[in-house]
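This briefing covers one protein chain, grouped by topic. Please read it alongside the sequence and the 3D view.

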Amino acid sequence: MKAIRLVIIILGMLVCVNASAAKKVKKSKKAVVAEKVDTIPMSDFSYAFGIAQTNGLMGYLVQRMGVDTTYISHFLSGFDFPEMDEDAKKMKAFIAGKEIRQQVENQIVPQVNKQINDSIDLLNKARFIEGFRASIAGNTAITMDSASAISTKQMEYYHKVKMEAKYGKNRTDGEAFLAANAKKDSVKTTASGLQYKILSAGNGEVPTATDKVKVNYEGTLIDGTVFDSSYKRNQPATFACNQVIKGWTEALTMMPVGSKWVIYVPQNLGYGEREAGKIPPFSTLIFTVELLEIVK
């Protein structure tokens, strides 16, 4: 009974408090009561927050930094005494050397091999490490400038060899196509190797290289694959004559407004060894081009 009576008294007090608060609100709706947000003392919060921030740290130490958890006490020693003595500095340098060696072994050498050849490891790893180490030690047989020049020139050579092995057939097929195409009476060939056929001759102004033009066009590979078409988009393209591939610039600056040509662009006047969207490297390109106007 006492417990029940106590509950009734408490409820009565709450009702009175709420009623009083309601009256206050009615009197002054602008009054703002600061909400109490602290739940625990700052000291306890700080401790808990410190614990929370180590979530995932052990995995990082093991997987990314290569720390053996057997020696976690050594990690804590370094954490507790961040100011390093000479022995600690030596150990830090030693560990850095180990980490860089792992990067050389597992990242740098494999990446260079992939750049040289996708399937065969050609780099002499022992000599690579010898040169790498000699440079850090400051006793190389050649200067840094010489090493950089050799590396750049040789990597360019390897890139060309790799591209030729991978896409060289596109170039040779294109050359064969152009050689046969040049024999057709309707096809004309310029000094650069660009070929064109006039479907309809316009009688308007001929653009200069810096003029902006509006054109309709469709581009295909020599096998007939369409890779781009303003006709399909139902929207002509506008651009400056000198802001497109060389073959286009040359053709546009020969075409009177109102002309419709087919142009045959050798790979060296197109995108060359670059891959451009659906266009593979070393591709000969065929465009039907309709010069609509010079945009003033």
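## Briefing

M42 is exposed, with a relative accessible area of 58%. The residue sits in helix α2, which spans residues 42-52. The model discussed here is a predicted one.

**Overall make-up**

- The protein contains nine helices and seven strands.
- Of its 296 residues, 22% are buried.
- Among contacts with a separation of 6 or more, 65% are between residues 24 or more positions apart.
- The protein has an accessible surface of about 21,600 Å², and carbon and sulfur atoms account for 58% of that surface.

**Nonpolar surface patch**

- I40, M42, F45 and F49 make a nonpolar patch on the surface, with an area of about 420 Å².
- M42 can belong to such a patch because its 58% relative accessible area is over the 30% that patch residues need.

**Helix α7**

- Helix α7 covers residues 144-181, and at Y167 the helix bends by about 70°.
- Which residues of α7 are buried? They are M163, G168, G174, L178 and N181.
- These buried residues of α7 pack against two strands, β2 (195-200) and β6 (260-265).

**Salt bridge between K162 and D118**

- The structure holds 13 salt bridges, and one of them joins K162 to D118.
- The closest N and O atoms of K162 and D118 are 3.0 Å apart.
- This pair links distant parts of the chain: K162 belongs to helix α7, while D118 is in the loop between α5 (86-116) and α6 (125-137), and 44 residues separate them.
- K162 has a relative accessible area of 22% and is partly exposed.
- D118 is also partly exposed, at 42% relative accessibility.
- K162 and D118 are part of a network of salt bridges that also includes K114 and K166.

**Salt bridge within helix α6**

- E130 and R127 form a salt bridge, with 3.1 Å between the closest N and O atoms.
- Both residues are in helix α6, three residues apart, which is about one turn of the helix.
- An α-helix has 3.6 residues a turn, so residues three or four places apart point the same way.
- Side chains of opposite charge can pair when their charged atoms come close.
- E130 counts as partly exposed at 44% relative accessibility, whereas R127 is exposed, with a relative accessible area of 53%.

**Salt bridge between strands β3 and β7**

- K214 and E293 meet through their side chains in a salt bridge of 3.7 Å, N to O.
- K214 is in strand β3 (residues 212-221) and E293 is in strand β7 (residues 285-295), so the salt bridge ties together parts that are 79 residues apart in sequence.
- K214 is partly exposed, with a relative accessible area of 28%.
- E293 is likewise partly exposed, and its relative accessible area is 33%.

**Q267 in the loop between β6 and β7**

- Q267 is located in the loop between β6 and β7.
- Is Q267 buried or exposed? Q267 counts as buried because its relative accessibility is 16%, and the cut-off for buried is under 20%.
- Leaving out residues up to four places away in sequence, Q267 touches R171, G272, F282, S283 and T284.

Notes
Residues are numbered from 1 along each chain as its sequence is written. This is a predicted model: local features need pLDDT of at least 70, side-chain atom pairs count only at pLDDT 80 or more; totals for chains, interfaces and linings use all residues. Side-chain values use heavy atoms; hydrogens and water are left out. The bend at a residue is the angle between axes fitted to the seven residues ending there and the seven starting there. Helices (H or I, at least four residues) and strands (E, at least two) are DSSP runs, numbered from the N terminus. Buried means under 20% relative accessible area, exposed over 50%, partly exposed in between (1.4 Å probe, protein chains only). Contact means heavy atoms within 4.5 Å. A salt bridge is a side-chain nitrogen of Lys or Arg within 4 Å of a carboxyl oxygen of Asp or Glu. Patches are made of residues with over 30% relative accessible area and no salt bridge: like charges are joined within 9 Å, nonpolar side chains (Val, Leu, Ile, Met, Phe, Trp, Tyr) within 5 Å. Accessible areas come from the Shrake-Rupley method with a 1.4 Å probe; for residues, only the protein chains shown count as cover.
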